[in-house]
Amino acid sequence: MKRIAIAALAVCVACSSDNSVTNPDPLLTPTAFDITALGEGAVTDRFTGELWVVGNNTAYTTTWGTRTINGVQARGNAVKIWDVSSAKPVLVDSLIIQGATTLGDVQSTSDNRYLIVATESAGTIAIFDIANPRKPELVTRFTHTDIANGVHTSEVQQVNGRTYAFLCIDPRLGAKARLVIADITDKTSPSVVFSQEMGTPFVHDVFVADGIMMTALWDDGLAIWDIGGGNHGGTVSNPVRMST
């Protein structure tokens, strides 16, 4: 139905004037393309949440909530490890994150040496050494008072040669949503360098590039911050809001 509607609108626009025939609105002009599914790695015991791929061979998916199949409950505490070297993903192993019931983002560091897993229910991040991508080894499980309400999403990026995790924290038990930035350069001993309430009612996601941080603030929209690349004097430990 949507394709028919778009096509009809495109025809109407084209008929409205000679100019629209030669310069059709690209938003109303159908584009022929196909996305072909090459293979599927089914997960029947849990709900699948987030995805990260390392190199050309290994992918990680997180799990969410509680799924009940034939009376058996499985919680979202597993990171599934996949061989994606061919068209059909093949499950090769799983990580179980103790104490978690929902996992948030999963992402590797830029050198693909470490994997960071956010736990929404348990309020931690787990850092794994993935020198062998198929056999992650736990380095540390980091927690802090300001992330205890649950890490909804986690963005891992380098700024000025140091590695940071940008954590979106859930509002819970009367506490407001919060953005927490942790320095994880030393994977064995992360530390919080910035923490601030923001978002109404959620701070939902973060994107970082070239010393600029963007935060999705739900009802409050999108905020853009200088954390070292915006010429507003901002740093990772003292972000300066440039616009909203």
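Two strands count as paired here if DSSP finds at least two bridges between them. Keep that in mind for the first close-up of this predicted model.

**View 1. Strands β1 and β2 pair up as an antiparallel hairpin.** β1 covers residues 47-54 and β2 covers residues 58-64, with six bridges joining them. Because pairing asks for at least two bridges, the six found between β1 and β2 qualify them as a pair. To find your way across the hairpin, start at Leu-51 and look over to Thr-61, its bridge partner in β2. Three residues sit between the two strands, and in this hairpin Gly-55 takes a positive phi near 65°.

**View 2. His-144 sits in the loop between β10 and β11.** The flanking strands are β10 (137-143) and β11 (151-159). A polar atom of the His-144 side chain lies 3.0 Å from the backbone nitrogen of Asp-146. Is His-144 buried, exposed or something in between? With a relative accessible area of 29%, His-144 is partly exposed, because that class falls between under 20% for buried and over 50% for exposed. Also worth picking out is Val-180: 36 residues separate it from His-144 along the chain, yet their C-alpha atoms are 9.9 Å apart.

**View 3. Phe-207, Met-214 and Leu-222 make a nonpolar surface patch.** The patch comes to about 280 Å². One of its members, Leu-222, belongs to strand β17, which spans residues 222-226. Leu-222 has a relative accessible area of 44%, so it is classed as partly exposed.

Note on methods: Residues are numbered from 1 along each chain as its sequence is written. This is a predicted model: local features need pLDDT of at least 70, side-chain atom pairs count only at pLDDT 80 or more; totals for chains, interfaces and linings use all residues. Side-chain values use heavy atoms; hydrogens and water are left out. Patches are made of residues with over 30% relative accessible area and no salt bridge: like charges are joined within 9 Å, nonpolar side chains (Val, Leu, Ile, Met, Phe, Trp, Tyr) within 5 Å. Accessible areas come from the Shrake-Rupley method with a 1.4 Å probe; for residues, only the protein chains shown count as cover. A salt bridge is a side-chain nitrogen of Lys or Arg within 4 Å of a carboxyl oxygen of Asp or Glu. Helices (H or I, at least four residues) and strands (E, at least two) are DSSP runs, numbered from the N terminus. Buried means under 20% relative accessible area, exposed over 50%, partly exposed in between (1.4 Å probe, protein chains only). A polar contact is a pair of N or O atoms within 3.5 Å; within protein, one must be able to donate a hydrogen and the other to accept it, and residues adjacent in sequence count only if both atoms are side-chain atoms.
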